[in-house]
Amino acid sequence: GTLTLGALNQTTDSIAWTFQVADNDIDFLDDGDQLIQRYRVTVDDGQGGIDTTLITIVLNGAQDFIPG
């Protein structure tokens with residue numbers, strides 16, 4: 001998958017982000033399986049302030065519908 005960071009919101013001290021993964025890239029996950037992806041993100045304000053956080057994304061497998 002791809003994690004994309006958005007703009008920093010200094011009012012709420014937050015950063016928007018999105019995650020995308022193609023369905024066929026995770027088709028191997030069966031019903032009940034999980035794939036966990038972790039991304040460590042560091043923000044530097046350029047004035048000595050640095051903060052790091054961990055974003056954890058859990059992808060849950062599901063039974064794909066196969067038409068008969």
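Which residue takes a positive phi in the hairpin of β3 and β4?

## The β3–β4 hairpin

It's glycine 46, with a positive phi near 75°. This hairpin leaves five residues between its strands. Keep in mind that we're looking at a predicted model here.

On either side of that turn, β3 covers residues 34-44 and β4 covers residues 50-60. The two strands pair in the antiparallel sense, with eleven bridges between them. If you want a spot to check the register, try arginine 38, which stands opposite threonine 56 in β4.

## Aspartate 13, another positive phi

Aspartate 13 also has a positive phi, about 50°, even though it isn't a glycine. You'll find aspartate 13 in the loop that links β1 (2-9) to β2 (14-20). Aspartate 13 counts as exposed because its relative accessibility is 68%, and the cut-off for exposed is over 50%.

## The largest pocket

The largest pocket holds about 330 Å³ of space. It is lined by 17 residues, and Leu8, Asp13, Ile15, Val43 and Asp51 sit closest to its centre. So the loop aspartate turns up again here, as one of those central residues. Strands β1, β2, β3 and β4 each give two or more residues to the lining, with β4 supplying the largest share at five residues.

As for chemistry, the lining is a mix: eight nonpolar residues, five polar and four charged.

## Valine 43, at the pocket

Valine 43 belongs to strand β3 and is one of the residues closest to the centre of the largest pocket. Is valine 43 buried, exposed or partly exposed? With 27% relative accessibility, valine 43 counts as partly exposed, because that value falls between the 20% and 50% cut-offs.

Leaving aside residues up to four places away in sequence, valine 43 touches Ile15, Gly49, Ile50 and Asp51. Ile15 and Asp51 are also listed among the residues closest to the pocket centre. From valine 43 to threonine 53 is ten residues in sequence and 8.7 Å in space, C-alpha to C-alpha.

## The nonpolar core

Nonpolar side chains tend to be buried together in soluble globular proteins. In this model, the largest nonpolar core has eight residues: Leu3, Phe19, Ile26, Leu29, Val41, Ile55, Ile57 and Leu59. Strand β4 gives the largest share of this core, three residues.

Leucine 3 is a handy place to start looking around. Not counting residues up to four places away in sequence, leucine 3 touches Trp17, Thr18, Phe19, Tyr39, Val41, Ile55 and Ile57. Of these contacts, Phe19, Val41, Ile55 and Ile57 are listed in the core along with leucine 3.

Methods. Residues numbered from 1 in each chain as written. Predicted model: local features only at pLDDT ≥ 70, side-chain atom pairs only at ≥ 80, totals over all residues. Heavy atoms only, no water. Pairing = 2+ DSSP bridges. Helix = DSSP H or I, 4+ residues; strand = E, 2+ residues; numbered from the N terminus. Buried < 20%, exposed > 50% of the residue type's maximum accessible area, 1.4 Å probe, protein only. 1 Å grid on protein atoms, 1.4 Å probe; cavity = no way out; pocket = protein on both sides within 12 Å on 5 of 7 lines; lining within 4 Å. Points joined across faces, edges and corners; volume = space filled by probe spheres on them. Nonpolar A, V, L, I, M, F, W, Y, C, P; charged D, E, K, R; others polar. Contact = heavy atoms within 4.5 Å. Core = buried A, V, L, I, M, F, W, Y, C linked by side-chain atoms within 4.5 Å.
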